[in-house]
Amino acid sequence: MDRSIPWAALSGGRSSTSSRSADRLAATCVWIAAAAVSAVFFWLLSDLVRHGAGQLSWSFLVDAPSNAGRAGGIGPIVLSTAWILAIALGVSLPVGLGTAVLLAEVTSPEAIFGRLVRRSLDVLAGVPSIVFGLFGNAFFCVTLGLGFSILAGGLTLACMVLPILIRSTEEGLRAVPAEYRLGGAALGLGRFTILTRLLLPAATPGLVAGVVLGFGRAIAETAALIFTSGYVDRRPESVFDSGRALSIHIYDLAINIPGGERNAYATALVLVMILLLTNSVASWLGQRLRGQHLHS
Amino acid sequence: MPAHRPFTIWSESYRLSRRVDWLLLWSLRLSAIVSGALVLFITIFVVAEAWPALRNIGVWRFLNDASWYPSGGADGGTFNLVPMFVGTLLTTAGAILLAAPLGVLAAIFRQAYAPPGVGRVYRWLIELLAGIPSVVYGFWGLVVLVPMIARFEPPGASLLAGILILTLMILPTTALASDAALESVPRRYVEGAAALGLGRWAALHCVALPAAGSGIATGVLLATGRALGETMAVLMVCGNVVAVPASLFDPVRTLTANIALEMAYALEDHRSALFVSGLLLLLMVSALVLAAEAVDRRQTVG
Amino acid sequence: MTTTVSSRIVSSRGVPSAAVSDGALARPVEIRTRSLSLIYGRKPAFLDVSLDVPRHGITALIGPSGCGKSSFLASLNRLSDLLPGCRVEGEIHIGEIDVLDPATDVVALRRRVGMIFQKPNPFPLSIRRNIELPLKEHGIRQRAEIDAIVERTLTEVGLWPEVSDRLGSPALALSGGQQQRLCLARALALTPEVILLDEPCSALDPISSGVVEDLIASLRGRYTVVIVTHNLAQARRIADRVAFFWLRDGAGRLIEEGPVDAVFDHPRDELTAAYVRGARG
């Protein structure tokens, strides 16, 4: 069924002159606003490409920065970022998956416990990243004694992406047809089998979407990392070392390093390209998984 | 058996006969408890860290001290947070005033005016922008927007720059929320409007927008929360001078920027005072989220 | 044909005799329900159903939509447990199993009582894995044994010649009728004694429907079959006994049950008569 509204059919015809001129005025405003919004964004994106693309090369991606980042590449920073992300997703994924399964499969929508958890996750999703930073610094760095480290930064980001992962996975599970649960139960399958063999595989598109969104949020994050994972731009030896994320590198080059602009542009371009790439891969993967599920 | 009812494999009344089911249930519960309690845990931690400042300095001095000079400690320093609070409010209010109408217009464009192909591309563009890191917006504002403003009215790094960059940052949020709200307006409403001979704008203005109102309002509230809590973008373009601005072209410092700038070297009461401002942010944003949910719920119920 | 045999009007207090003796073939009772009711929250789906289902026969449940036939079926293997807020009262015995006893192992129960749904519901796995998964769950892990069961059950439902060369391909790629037969094979793989069918043909095209119907008819004598159907002609073709449900005062009731010819040709209750006549004429 076509659910979209045939708006275009509403204009035209013989309406009174006054309403027609109002229509025309409104249409002009809407088009101008839309054009202005896209123009500003194209301006931003084209600036990134224009100033950043020149520096991009394989050696930029793997070399260490030199001269405080004005020259050289971003190799160690890419490595630190990857570590931080791996920890953030590695920790939040099991907890998020468990919570999502509980919310979608165990508690009924009216149950108080589920409602409480959902409400508190909504608040968690709105907590400003700088507050995550404060918390991460106080809890992971100081109380747990991790200091400025990749581990502390990754754990802080894990808290931040948790609500995103849970919401998306829960939606994925809710989209699984009831027939799988009924069919599984009618064959005498245990809950564990139904969950792991039937429900979770069928909910994979939601799970993948959640991981990609969480990844995007985590790799874009700066404020929560400034005082948890720190600034050090050397190659980290272990997760207990401080490590600089890509976003912090951009910030540092832009604010603290006169002449760091060119490499800041290039790093920003790398960051945006990573985001774009993961999003495209995810939507392609999501479509493929969903397609496989329905047709083949 | 009616298939529309919510089947769950856990509502079976029989006992958890298998040990693996029992283990599974408890590990699920444990992870849900961890996830659910996290926000409480964060609040408790922030309160605990803020407590020394609240006790030694007190709310009164956060509002009435002569200035913000916190490194002197509770006795020697001054702790007036008002300029930062005003900075946060002004940048947020300005950004919302711009981003809410623009976001709604962008959504109207996509839903009611754009040809289907253009609409898809437009949505993709907005989604892409929603994912662009705030530090990239801040950096672009710093190297492009701030020099442009400086040409008219130095120094350039100003409340205006902060408002403009924040507007760009939260525009995708308001646009996507309005888009979803408009999309969920029942088709029959608009068909009814068409049957009455209303034009496109009249149908939008009189029927679709009121029906989508609470969805749009929810989106605006959530976007306000984002703007309040945003750190990097404002930090990089606002100039960060601790003073209540007299004009749009004056530099300001927000609560978030203040934390980011001073946390690295803050000690004792100073550090604790930064947690006080973090607590303030946390409370404001939580109130907004709960308000957004209340709006959303009232709409679904009523 | 035994025209002397009559059907039984079920009064609310009526308790049938221990064996179903009014049929042409006297068979021991396999499923026995007494004063069975199912209530969702506060709304009853059916009330006070006492029914005996003979062993290895085919019993059809007929009646209009919403009169509790499917819920009745789902209570027999305790699938009703999956609905939050659903309560089943009364008695069900299947063989020696007291179905509603909280101590009853539902996994073992469902192994003995297979179920097929209106909409074919193969899992999004390969054809082979669809049969293998429940087998493994019930402790059958030898590959040779599983292979033998897969071949035997697929042969039994007539699917083996069609799919033997592509057991690894996704079950959801099969046609609707093939999917339904796979579901039947999957249920048969657990060697159940009872098979419950909830309008198994109504979502299929006429040809597939015919194939599945023949298949169900072929289960007679080996399995105890209870089938919900809206198709009276189908009930007449395949069933030995018929139970007629009707919605009265907002709850489903068992109105009349008996041998198929008796219910169709000499219904005792006016409602039954009107229903079978209306559907005929």
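**Exercise 1. The contact between chain C and chain A**

Work out how many residues each chain gives to the contact between chain C and chain A, and describe the chain C side.

Solution. In this predicted model, the contact is built from 21 residues of chain C and 19 residues of chain A. Turning to the elements on the side of chain C that touches chain A, helix 2 (106–112) and helix 3 (127–137) of chain C each supply at least two residues. By residue class, that side of chain C consists of 13 nonpolar, three polar and five charged residues.

**Exercise 2. The contact between chain A and chain B**

Determine how many residues of chain A and of chain B are in contact, and which helix of chain A gives the largest share of its side.

Solution. The count for this pair is 81 residues of chain A in contact with 79 residues of chain B. On the side of chain A that touches chain B, helix 1 (residues 17–52) of chain A provides the largest share, with 17 residues. Sorting that side of chain A by residue class gives 56 nonpolar, 16 polar and nine charged residues.

**Exercise 3. The architecture of chains A and B**

Describe the secondary structure, the extent and the burial of chain A, and then do the corresponding work for chain B.

Solution. Begin with chain A, whose secondary structure amounts to twelve helices and two strands, arranged along the sequence as α-α-β-β-α-α-α-α-α-α-α-α-α-α. The radius of gyration of chain A is 24 Å, whereas a compact globule of 296 residues would have one near 19 Å. The C-alpha trace of chain A spans about 65 × 65 × 40 Å along its principal axes. Of the 296 residues of chain A, 52% count as buried, and among the contacts in chain A with a separation of 6 or more, 76% join residues 24 or more positions apart.

Continue with chain B, which has twelve helices and two strands, and whose elements from the N terminus on read α-α-β-α-β-α-α-α-α-α-α-α-α-α. Chain B has a radius of gyration of 24 Å, against a value near 19 Å for a compact globule of 302 residues, and its C-alpha trace extends about 75 × 65 × 30 Å along the principal axes. For chain B, 52% of the 302 residues count as buried, while residues 24 or more positions apart make up 73% of its contacts with a separation of 6 or more.

**Exercise 4. Helices of chain A**

Test whether the span of helix 9 (residues 204–220) of chain A agrees or disagrees with its number of residues, and then characterise the packing of helix 3 (residues 75–106) against helix 6 (residues 150–174) of chain A.

Solution. At 1.5 Å a residue, the 17 residues of helix 9 of chain A should span 24 Å, and because its end C-alpha atoms are 24 Å apart, the two values agree. This helix 9 of chain A is also mostly covered, with 14 of its 17 residues buried.

Helix 3 and helix 6 of chain A pack at an angle of about 35°, and their axes lie 6 Å apart. The crossing of these two helices of chain A is right-handed, and the residues of their contact fall into 22 nonpolar, seven polar and three charged.

**Exercise 5. Backbone details in three chains**

Locate the cis peptide bond from B:Pro154 to B:Pro155, and decide whether A:Asn67 and C:Asp48 are buried or exposed.

Solution. The peptide bond from B:Pro154 to B:Pro155 is cis, with omega near 10°. B:Pro154 sits in the loop between helix 6 (134–152) and helix 7 (159–183) of chain B, and B:Pro155 is found in the loop between helix 6 and helix 7 of chain B. B:Pro154 counts as exposed because it has 10 C-beta neighbours inside 10 Å, and exposure here requires 12 or fewer.

A:Asn67, which is not a glycine, has a positive phi of about 55°, and its place is the loop between strand 1 (65–66) and strand 2 (71–72) of chain A. Because 11 other C-beta atoms lie within 10 Å, A:Asn67 is exposed.

C:Asp48 likewise is a residue other than glycine with a positive phi, near 55°, but C:Asp48 is found in strand 3 (residues 43–54) of chain C. With 21 C-beta neighbours inside 10 Å, C:Asp48 is therefore counted as buried, since the cut-off for burial is 20 or more.

Terms used: Residues numbered from 1 in each chain as written. Chains lettered and ligands numbered in written order. Predicted model: local features only at pLDDT ≥ 70, side-chain atom pairs only at ≥ 80, totals over all residues. Contact = placed C-beta atoms within 7 Å. Helix = DSSP H or I, 4+ residues; strand = E, 2+ residues; numbered from the N terminus. Nonpolar A, V, L, I, M, F, W, Y, C, P; charged D, E, K, R; others polar. Rg over C-alpha atoms; globule rule 2.2 N^0.38 Å. Expected span 1.5 Å × (residues − 1). Axes fitted to C-alpha atoms, helices over the stretch in contact; angles between N-to-C directions. Left-handed = near helix turned anticlockwise from the far one by under 90°.
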